[in-house]
Every structure is written in structure tokens, then in C-alpha cells.
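Student: I would like to go through this model with you, one question at a time, and hear the reasoning behind each answer.

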Amino acid sequence: MENLKEKYLRFRPVSAEPEINEDRLTADLTRYLALARELGASDATVVEREDWHLDPRVTLKCAVPRCRNYSTCANCPPHSPGATETAVLIDRYRKGILLRWQYQRETSRDEGAGLRRATYVSLAALEAAAFYDGYYLACGFGSGSCRLSLCGDSLCQEITEPHKGCRNPLLARPSMEAMGFDVFKTAAQAGWILNPAGRGCPEDIAANLSRIAIVLIV
Ligand code: SF4
């Protein structure tokens with residue numbers, strides 16, 4: 001990661017100018033795409049406000065039928081910020097980086113855990129790069145529950161022992177779906193066509209799965 005820091009981070013002060021320099025922003029976004037790929041993402045693309053879609057029914061699907069992470073993780077519904085209220089906040093952003101990791105259905109628990117953790121590590125690194133470049137409101141959202149991805153079978157410490165707090169405070173974050181992003185529609189808008197997948201899906205679908213995440217930059 002030290003090499004990547006030297007290569008990609010700029011550590012700029014925040015300008016007093018109210019307007020963002022668009023040429024510099026374009027160059028920075030291009031650099032973040034390269035960083036995303038270097039960190040292991042299969043695809044990364046710049047998205048604008050009209051390219052991402054929000055729908056509060058997405059978080060309904062966390063509860064009906066009930067996901068095993070529902071209410072067991074501080075970053076999952078109903079503990080995560082509500083989709084309707086966060087839509088107002090997300091609406092303030094106008095550009096971001098959408099990320100995809102392609103994979104086959106994991107053949108081992110370790111393999112699955114490693115992939116899930118790697119996506120959160122990459123997301124945090126991208127968010128940090130933007131933050132240190134002066135985009136201090138950059139904010140990333142992951143894929144799936146941070147409980148499974150970062151804490152494995154352990155209970156969420158943020159819920160069970162709030163005085164100790166989260167075990168992974170710099171990595172853990174809500175997923176796109178927990179925030180109310182329509183991930184299928186947003187990915188399709190980027191040209192990434194996803195199959196709804198689950199335990200009962202055919203092998204050809206299980207061999208072509210994706211995880212999707214986003215970093216909102218400005
Ligand atoms: S990473 Fe933090 S918020 Fe997520 S399950 Fe673990 S302790 Fe809870």
C-alpha cells in the first residue's frame with residue numbers, strides 16, 4: 001500500500017474557492033479508476049448523479065424475506081441510516097466511482113471471506129485517496145454486510161459491546177443496498193448486466209457473479 005500511496009495520493013489542501021476545478025477533477029477521477037483496478041477491481045467507471053438510482057423498496061428486501069444480517073449488524077437495516085432520509089444526503093453528490101468485482105461462487109469459506117474483505121479494503125483505500133486529495137466529503141458504500149465480510153461469524157461488537165465499538169472502524173460501512181441504492185439498475189446503467197443470484201440459481205449464473213460498490217466523490 002505504501003507504493004500505491006506514493007503513486008496515487010496527492011495530499012492537497014482544501015481550496016477556499018467554492019467551485020471545483022473540473023479539469024483537475026477529471027484527472028483525479030481517471031487516477032482513481034487506475035487505482036481501483038490496481039487494487040483488484042474487475043471494472044471501475046465514473047458515474048454522475050443521473051447514473052445511480054435510489055429506491056427505498058431495496059431496504060424492504062433486507063427484511064422481506066429476512067436476510068440473516070438484518071438487525072445483526074450496525075451497518076445493516078434497521079440500524080443503518082434509513083433509505084428515505086439518506087436519499088436526501090446522497091442527492092448532494094454529483095460524481096462518483098462505481099466498482100465491480102467479478103467472481104465465481106466461492107468454493108470455500110476462506111475464499112469467500114478473503115474476497116469480501118478485499119472489496120472493503122479497496123473501497124476504504126479509494127475513499128482515503130479522494131479524502132487526502134481534498135474531496136473530504138468522499139464517502140464509499142460496500143456490498144453485502146460488513147459483519148460477514150469483516151467479522152466472520154462473530155457478533156457485531158458495535159451492537160453487543162457498544163462501549164468497545166466497531167472492530168474495523170476504518171473499513172466497515174453500509175452497503176449500497178442498505179443505503180437504498182438500486183444496485184441492479186445502477187450497474188445496468190453502467191453496462192454491467194447482473195443476474196439476480198441465490199443458492200438456487202443455475203451454475204452458469206453462479207460462475208459469473210459480481211459485487212458492486214460505489215465511492216461518491218463530490
Ligand atoms: S465490522 Fe464493525 S459494524 Fe461491521 S459487524 Fe463488525 S463490529 Fe459490527
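Tutor: Let us begin with a definition: a residue is buried if 20 or more other C-beta atoms lie within 10 Å of its own, exposed if 12 or fewer, and partly exposed in between. Please keep in mind throughout that this is a predicted model.

Student: How does Trp192 count by its C-beta neighbours inside 10 Å?

Tutor: Trp192 is found in the loop between helix 8 and helix 9 (203-206). Leaving aside neighbours within four places in sequence, Trp192 is in contact with Asp43, Arg100, Ala187 and Ser210. Because Trp192 has 17 C-beta neighbours inside 10 Å, it counts as partly exposed.

Student: How far apart in space are Trp192 and Val218, C-alpha to C-alpha?

Tutor: The sequence separation of Trp192 and Val218 is 26 residues. In space, C-alpha to C-alpha, the separation of this pair is 23 Å.

Student: Which class does Arg49 fall into, given its count of C-beta neighbours?

Tutor: Arg49 is found in the loop between strand 1 and helix 3, and it touches Tyr93 and Arg94 when residues up to four places away in sequence are not counted. The C-alpha atoms of Arg49 and Lys95 are separated by 6.1 Å, although the two residues are 46 apart along the chain. Because 13 C-beta neighbours lie inside 10 Å of Arg49, this residue counts as partly exposed.

Student: In what order do the four strands form the open sheet?

Tutor: Six bridges join strand 1 to strand 2, eight join strand 2 to strand 4, and three join strand 3 to strand 4. The pairing is antiparallel, and the order of the open sheet is 1-2-4-3.

Student: Which are the edge strands of that sheet?

Tutor: In the order 1-2-4-3, an edge strand is one that pairs on one side only. That description fits strand 1 and strand 3 (139-141).

Student: What is the bridge partner of Gly140 in strand 4?

Tutor: Strand 4 can be followed through its bridge partners, among them Leu209 for Tyr103 and Arg211 for Trp101. Strand 3 is joined to strand 4 by three bridges, with the two running antiparallel. For Gly140, the bridge partner in strand 4 is Val215.

Student: How many of the residues of strand 4 are buried?

Tutor: Strand 2 is mostly covered, with seven of its nine residues buried. Strand 4, joined to strand 2 by eight bridges, is also mostly covered, and the number of its residues that are buried is six of eight.

Student: About what angle does the direction of helix 2 make with that of strand 2?

Tutor: The twist of the sheet averages 20° from one strand to the next. Helix 2 packs on the sheet, where it touches strand 1 and strand 2, and the angle between its direction and that of strand 2 is about 20°.

Student: Which helix supplies the largest share of the largest nonpolar core?

Tutor: Of the 45 residues in this core, Ala36, Ile97, Leu99, Leu126, Ile214 and Val215 touch the most other members. Several elements each supply at least two residues, including helix 2 (22-38), strand 2 (95-103), helix 5 (109-132) and strand 4 (209-216). The largest share, six residues, comes from helix 5.

Student: Which residues is Ile97 in contact with, leaving aside its neighbours within four places in sequence?

Tutor: Ile97 is one of the core residues that touch the most other members. Its contacts, with neighbours within four places left aside, are Leu29, Tyr32, Leu33, Ala36, Ala44, Val46, Leu126, Ile214, Val215 and Ile217.

Student: Which helix gives the most to the shell around the ligand?

Tutor: The ligand is surrounded by 14 residues, and the closest are Cys146, Cys151, Cys156, Cys166 and Ala172. The shell divides into eight nonpolar, three polar and three charged residues. Helix 6 and helix 7 (157-160) each supply at least two residues of it, and the one that gives the most, with four residues, is helix 6.

Notes:
Residues numbered from 1 in each chain as written. Predicted model: local features only at pLDDT ≥ 70, side-chain atom pairs only at ≥ 80, totals over all residues. Core = buried A, V, L, I, M, F, W, Y, C linked by C-beta atoms within 7 Å. Contact = placed C-beta atoms within 7 Å. Near = placed C-beta within 6 Å. Nonpolar A, V, L, I, M, F, W, Y, C, P; charged D, E, K, R; others polar. Pairing = 2+ DSSP bridges. Axes fitted to C-alpha atoms, helices over the stretch in contact; angles between N-to-C directions.
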